[in-house]
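Grab a pencil and get the viewer ready. Below are a few short exercises, and each one comes with a worked solution.

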Amino acid sequence: MITVDLEETSVRDLNQRLHDLPGDTNERTWTVVNPGGRHALLAGLTLPLAVTVRGHVGYYCAGMNEAADVVIDGHAGVGVAENIMSGSVRVRGNASQAAAASGHGGLVVIEGDASARCGISMKGVDIVVGGSVGHMSAFMAQAGRLVVCGDAGGDLGDSLYEAVIYVQGTVASLGADCEEQPMADADRAAVAELLARAGIAGDPARFRRYGSARQLYHFHVDHADAY
Amino acid sequence: MDGNAPIRRSASFPPETIHEIQRAAAEGIYEIRGFGAKRRLPTFDDLVLLGASISRYPLEGYREKCATDVVIGARFAKKPLHLKIPITIAGMSFGALSATAKTALGRAATMMGTTTTTGDGGMTDEEREASSLLVYQVLPSRYGLNPRDLRRADAIEVVVGQGAKPGGGGMLLGQKITPRIAAMRALPAGIDQRSACRHPDWTGPDDLAIKIQELREITDWQKPIYVKVAAARPRYDVQLSVKSGADAIVLDGMQGGTGATQDVFIENVGIPTLPALREAVEALQELDMHRKVPLIISGGIRSGADVAKALAMGADAVSIGTAALIALDCNRPIHVADYAALGTAPGACHHCQTGRCPVGIATQDPALESRLDVDAAARRVRNYLSTMVLEAQTLARACGKSHLHNLEPEDLAALTVEAAAMAGVPLAGTGWIPGRY
Ligand SMILES: Cc1cc2nc3c(=O)[nH]c(=O)nc-3n(C[C@H](O)[C@H](O)[C@H](O)COP(=O)(O)O)c2cc1C
Ligand code: SF4
């Protein structure tokens, strides 16, 4: 295991070192200490590395991640795992706004709460939040699944496309074109599988499903009130 | 009363206005269309260049050198772009345009040693292969955004706005969404695709600075990063872009073209290219960043004269969208019946949103797309770019300049009071710049 101390090494040097690793590297397990809320940490990883950050990170930690498994043993700033393609990012604490924004794939786990716009514009990523999510979560979410074990803030799933949202607690309000839909066996299986992958306890039977009513897929004057 | 009384039309309600009111009454929705603003606006036509005479030396046309190159991205990027000409091809999405049109634009730009730009919806392999220098847009929709394309781009453009719709998002109508485009955007085929008007993970200049830092980290500080803003409040936007760490700024005036936007938006939001450019140059000068952070101006650029005047006002380069499409064949009087079927005619078409482009440019229909011969189309755009450069050089030599960038406001005069005020150059025959002296 390699340990990098960000009091001694710059974010630039750490990221460059990780980007320069050859595909067949043996240096696969990394620990980063003293992150100090720095931004763009571990952005653009491309290899199946296991990286643990001990402490809090700033904006866009693990942005555009591919293949790597990143654990943040602390809280995360805005846009953690934004545009993630594959691999996984786990936040042991809470995450700020826009967690996993526009994520295309992979798994993002937030063990605590996530702030506003969690999963905004998501395009295929799976997100599991152990706590609650803030308002406008899954705004314009296109594909992928958002599992919320706690409560959801206002305007959940506004202008939703084909992403699916599962919430165990209460939903303050649904956004335009987002509706509650029946939970089928496949949904319960999906929630069980995602909770298991996330390592978060929960009873799939207690979750409700929210999806797109698909009324706004074609702009129509009779729906003008919805906008 | 004789039978020849003149028909008296209303200035407030001309036939187009009457038609639009009745169309709205029938359909209950605004018009969405392509092309740029159609109303009359102050433009570079309202400026003239002052050729050399006794007090200035001209350079010999066809003999003495007038250089045209420009470097973009030297502020922070390890690999700045060296363009041979100060004219770039603007970002136009694959989706709005056919793959053939995108390829032709890429090849033409390559032949001329300049950049072409992706657009909303991501990068295609065809476009990457065709373009030796490709700028990759990062847009609010993030459609098709991925780190692989970020790394294989030559520069990155964070799009905040477009001149056709400052503050507005986009809409690609369902009729243009083929399975390939739907897959690139991770959306179902055939639905109207809304492109967001705000970025999902940043708001405001402080966040933008960190976003740019992240993009630099992902690409190891190699690529120039541009910020593209619509001309609404260019003074603030330019200064905030500089502060956010942009290597270059693209400023798109209200004439700027679009693939599909509400007509009311195109015609009524933003300010024209002329005053936007002056404000932007002043904003850079205030920060002592003029010529250090290159300014690329777009919106209604059509000729070498426009290029020369824009550079004289202080732009470092220009970018073209609509004019490049016109060079491809847009609005050419061929397949006239197909224009008529859209309810328009060659010379007046703005129907890119329909996907039924009569000349195969703004379409995803294979039969229509095959109307554009990619080699011939690329040659036309190359010829057009080449003509613009020759025109600009001719004008610059006449003003005694050995580089297009040596043109300066002092080489300009305005023909109208409005243009004098907006461009900040004297009204011809006077020393008067309204609002200044
Ligand atoms: C068909 C079409 C599609 C466009 N798509 C995009 C786009 O995807 N992203 C973008 O930033 N601008 C887009 N634009 C705007 C251009 O990048 C550029 O700002 C504008 O065309 C410049 O003005 P001009 O058309 O008068 O040259 C598009 C323009 C056209 C004509
Ligand atoms: S000819 Fe084609 S590209 Fe030109 S305005 Fe019409 S539809 Fe658009």
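**Exercise 1: the ligand's partners**

Task: find which atom of B:Thr322 lies 2.5 Å from an oxygen atom of ligand 1.

Solution. Step 1: on B:Thr322, pick a polar side-chain atom; that one sits 2.5 Å from an oxygen atom of ligand 1. Before going on, note that this is a predicted model, where local features need pLDDT of at least 70 and side-chain atom pairs count only at pLDDT 80 or more, while totals for chains, interfaces and linings use all residues. Residues are numbered from 1 along each chain as its sequence is written, chains are lettered from A and ligands numbered from 1 in the order in which they are written, and side-chain values use heavy atoms, with hydrogens and water left out.

Step 2: try B:Asp252, where a polar side-chain atom is 2.6 Å from a ligand 1 oxygen. Step 3: with B:Asp120, look at the backbone instead, since a backbone N or O atom there lies 2.9 Å from an oxygen atom of ligand 1.

**Exercise 2: the shell around ligand 1**

Task: work out how many residues surround ligand 1, and how they divide by type.

Solution. Step 1: count residues with a heavy atom within 4 Å of the ligand; you get 25, and B:Gly91 and B:Lys228 are among the closest. Step 2: sort them into 7 nonpolar, 15 polar and 3 charged. For the sorting, Ala, Val, Leu, Ile, Met, Phe, Trp, Tyr, Cys and Pro are nonpolar, Asp, Glu, Lys and Arg are charged, and the others, Gly among them, are polar.

**Exercise 3: where the chains meet**

Task: describe how chain B touches chain A, starting with how many residues are in contact.

Solution. Step 1: using heavy atoms within 4.5 Å as contact, 38 residues of chain B meet 36 residues of chain A. Step 2: count the salt bridges (a side-chain nitrogen of Lys or Arg within 4 Å of a carboxyl oxygen of Asp or Glu); there are 5 between chain B and chain A, against a count of 50 over all chains.

Step 3: zoom in on one pair, A:Glu66 and B:Arg151, whose closest N and O atoms are 3.6 Å apart. This pair crosses between chains, from the loop between strand E3 (50-54) and strand E4 (69-73) of chain A to helix H4 of chain B. Helices (H or I, at least four residues) and strands (E, at least two) are DSSP runs, numbered from the N terminus.

Definitions and conventions
A polar contact is a pair of N or O atoms within 3.5 Å; within protein, one must be able to donate a hydrogen and the other to accept it, and residues adjacent in sequence count only if both atoms are side-chain atoms.
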